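Biologist: Before we go through this model together, could you show me how to read its features one at a time, giving the general idea and then the case at hand?

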Amino acid sequence: MRTFKVLLRKEFLQIRRNSFLPRLIVAFPVLIMLIMPLIMTMDVRNVNVAVVDLDHSATSRRIASHIRASEYLSFTVATSDFQLAMKHLEKGTVDAIVEIPSGFERDMAAARPERISITANAVNATKGSMGMQYLVQTISRTLSELKAEKSPVGAAELITVQNRFNPTLNYRHYMIPALMIILFILICGFLPALSIVGEKESGTIEQINVTPVSRFTFTLAKLLPYWLIGLFVLTVAMCLAWAVYGLTPEGAVGSIYLGAILFILTISGFSLTIANYSETMQQTMFVMFFFIMIFMLMSGLLTPIDSMPAWARKITVVLPPRYFVEILRSVYLKGATLAELWSNYLALGIFATLFNTLAAVTYKKQA
Amino acid sequence: MNAIDIQSLSKRFGRVQALDAVSFSVGKGELFGLIGPDGAGKTTLFRLLTTLLTPNSGTASVDGFDIVNDYLSIRSRVGYMPGRFSLYPDLTVEENLDFFAALFGVRARESYDLVAPIYKQIEPFRKRRAGKLSGGMKQKLALSCALIHRPSVLFLDEPTTGVDAVSRSEFWDMLASLQQKGITILVSTPYMDEASRCDRIALCNEGHILGIDTPNDIVRRFDAPLYAVRASNMYALLSAARRIEGVAECYPFGEVHHLVTDRGFDPSRFLGQLNELDDLSIEPVVPTIEDIFIKWMKR
């Protein structure tokens with residue numbers, strides 16, 4: 001027990017003495033939580049629209065003014081020459097063209113109008129399709145307003161839409177739990193592995209290996225500081241999410257921490273296994289990086305697993321972050337409980353046991 | 001009982017036979033030197049005896065404990081100082097010493113009398129980080145840490161490599177005083193001149209032991225006449241001397257060339273045969289450990 005305390009004290013001393021680590025541990029979560037949610041947004045804004053108004057009627061002006069008023073669309077060019085608008089689209093100064101045919105208002109009254117045409121630049125598929133939808137919504141709202149004014153009875157709204165769990169469809173609320181997981185992967189995945197391989201590189205691990213200290217004690221003392229740091233970082237990230245974005249977990253905080261502990265155990269066991277096979281820090285970095293890329297892109301962190309092809313969905317079953325993503329998002333946004341998410345906790349528990357056993361088996365005090 | 005007993009110990013790394021059936025033993029309280037060039041297998045032998053490696057074949061025991069089966073018992077009773085400085089550079093001198101004491105379950109104070117003669121010299125810098133010490137001070141700290149748990153056998157792998165001549169001499173004085181306290185010391189060095197400070201030495205090369213004896217007796221086993229020759233053009237002398245009849249070997253040795261000859265060799269005739277070389281001289285010399293090493297290596 002005394003040996004363990006001494007090893008632990010040494011570990012903390014080394015982290016504190018490191019010129020870079022303490023700063024990283026504090027600055028990293030703050031930066032990620034403050035800056036990334038603002039950047040990582042799929043909301044499409046500033047769709048530049050050119051209006052080719054051939055009608056010059058009250059209706060066409062009404063449409064134009066609604067486009068001008070939209071917070072997603074920005075009215076850039078007004079012209080009556082479609083070819084000119086097309087040139088803008090080609091240059092990229094305009095993302096979409098709305099063409100209102102001449103005589104549109106008159107024809108609308110006669111109930112056989114020529115159609116309004118929308119031409120969009122779809123190089124960026126998301127921006128293209130989302131921008132188009134905004135435009136369609138804006139124009140149809142204008143048209144139904146006009147209709148309502150003419151016949152006070154009005155057309156009844158046929159569809160109502162309600163977004164449960166994330167009522168404002170805020171992409172940030174979807175991303176913040178994912179960012180917390182990225183923090184975990186980097187801090188609890190990279191740092192312990194680098195620390196162990198660092199001892200290999202400097203030869204100090206040899207000096208430890210000739211002492212009676214067991215490999216279990218040594219490894220546990222190596223990992224415990226990073227587990228604590230991981231939980232500290234999670235707490236900081238959760239506080240920031242609440243203070244800056246007003247996002248608090250709908251479900252129990254305890255179930256988040258339980259998931260976090262299981263996930264930390266998994267990812268640190270994983271990184272230990274890699275450290276056991278590497279001789280240099282560079283090697284560790286590259287191998288870790290390879291897996292982290294897969295974790296980030298395939299665990300549903302950034303893109304939903306449900307929209308992946310079937311074979312890819314099968315692969316995600318063996319990716320531990322997938323289960324933690326599920327836990328964190330469900331607890332945060334839906335207020336899911338432990339009982340509902342038990343299979344995810346179980347999966348993480350199995351991975352934690354698996355990777356730590358693997359790490360213990362592959363660690364050799366002798367060669 | 002011997003402090004170290006080695007029976008045909010072999011270790012292979014892939015295709016490289018690092019140690020090939022090495023056998024020898026070291027008595028209790030002996031200062032035993034392993035002398036050999038880089039790649040002789042010295043470090044491999046140390047790593048086997050300190051239980052960092054397991055042998056492919058053969059057995060060895062340290063302090064009566066088998067290096068494979070009783071490796072845990074060995075770890076608590078040997079001190080190991082690797083060739084490369086491997087203490088924590090970001091911990092201070094004092095912290096390193098306390099840390100290693102604690103890993104062996106002792107307190108630094110309890111062994112102070114043993115380490116004091118060495119540690120006293122670096123004590124003024126006890127608050128300095130180990131990484132910021134000079135080479136000689138690092139070596140003293142490493143030795144202090146290796147001694148902190150009062151080991152009965154001390155393994156020192158090339159402790160004087162990269163250390164200045166004065167510190168090297170001081171270091172051997174320290175080893176002599178540790179030996180006085182009953183500690184068995186196995187030390188390796190590539191410097192032949194340090195061999196004379198050991199009780200017994202083993203000359204090794206390419207995983208083999210060439211011979212074992214006391215430093216004085218080992219040179220007596222040099223059984224051929226030996227001369228030092230010199231001339232103004234040393235290179236021409238080397239190739240010319242090798243062609244003379246009766247010369248078994250001629251090799252550069254510091255400022256002169258050493259000449260190993262047959263029994264019936266006549267120095268004056270040698271001078272006559274090479275009279276085209278300027279300032280040629282020849283004189284008999286006493287063989288050194290290096291001479292015997294070169295002789296055995298070619299055997």
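Biologist: Let me begin with a single pair of residues: which residue in E10(B) is the bridge partner of Ala202(B)?

Modeller: Please keep in mind throughout that this is a predicted model. As a general idea, strands of a sheet pair through backbone hydrogen bonds, either parallel or antiparallel. Here the partner of Ala202(B) in E10(B) is Ile212(B), and the two strands concerned, E9 (residues 200–205) and E10 of chain B, pair in the antiparallel sense over five bridges.

Biologist: In what order do the six strands of that open sheet in chain B run, and which are its edge strands?

Modeller: The order is E6-E7-E8-E3-E9-E10 in chain B, with mixed pairing. The edges are formed by strand E6 (78–81) and strand E10 (208–213) of chain B, each of which pairs on one side only, and from one strand to the next the twist averages 15°.

Biologist: Which strands of chain B does helix H6 lie across?

Modeller: Helix H6 (residues 165–180) of chain B lies across strand E3 (31–35), strand E7 (153–157) and strand E8 (184–189) of the chain, and its direction makes an angle of about 155° with E8(B).

Biologist: Turning to the backbone, what is the phi of Asp63(B), and where is Asp63(B) found?

Modeller: Asp63(B) has a positive phi of about 60°, although it is not a glycine, and it sits in the loop between strand E4 (57–62) and strand E5 (65–66) of chain B. Arg150(B), also not a glycine, has a positive phi of about 50°, and its place is the loop between helix H5 (135–147) and E7 of chain B.

Biologist: Why does Asp63(B) count as partly exposed?

Modeller: Asp63(B) counts as partly exposed because it has 19 C-beta neighbours inside 10 Å, whereas 20 or more would make a residue buried. Arg150(B) is likewise partly exposed, because 16 such neighbours are found inside 10 Å.

Biologist: How many residues does each chain give to the contact between chain A and chain B?

Modeller: The size of an interface is often given as the accessible area lost when the parts come together. Counted by residues, the contact here takes 21 from chain B and 19 from chain A. On the side of chain B, helix H2 (71–75) and helix H3 (93–103) are the elements that give two or more residues, with the largest share, three residues, coming from H3(B). By class, that side has twelve nonpolar, six polar and three charged residues.

Technical notes:
Residues numbered from 1 in each chain as written. Chains lettered and ligands numbered in written order. Predicted model: local features only at pLDDT ≥ 70, side-chain atom pairs only at ≥ 80, totals over all residues. Contact = placed C-beta atoms within 7 Å. Helix = DSSP H or I, 4+ residues; strand = E, 2+ residues; numbered from the N terminus. Nonpolar A, V, L, I, M, F, W, Y, C, P; charged D, E, K, R; others polar. Pairing = 2+ DSSP bridges. Axes fitted to C-alpha atoms, helices over the stretch in contact; angles between N-to-C directions. Buried ≥ 20, exposed ≤ 12 C-beta atoms within 10 Å, placed from the backbone.
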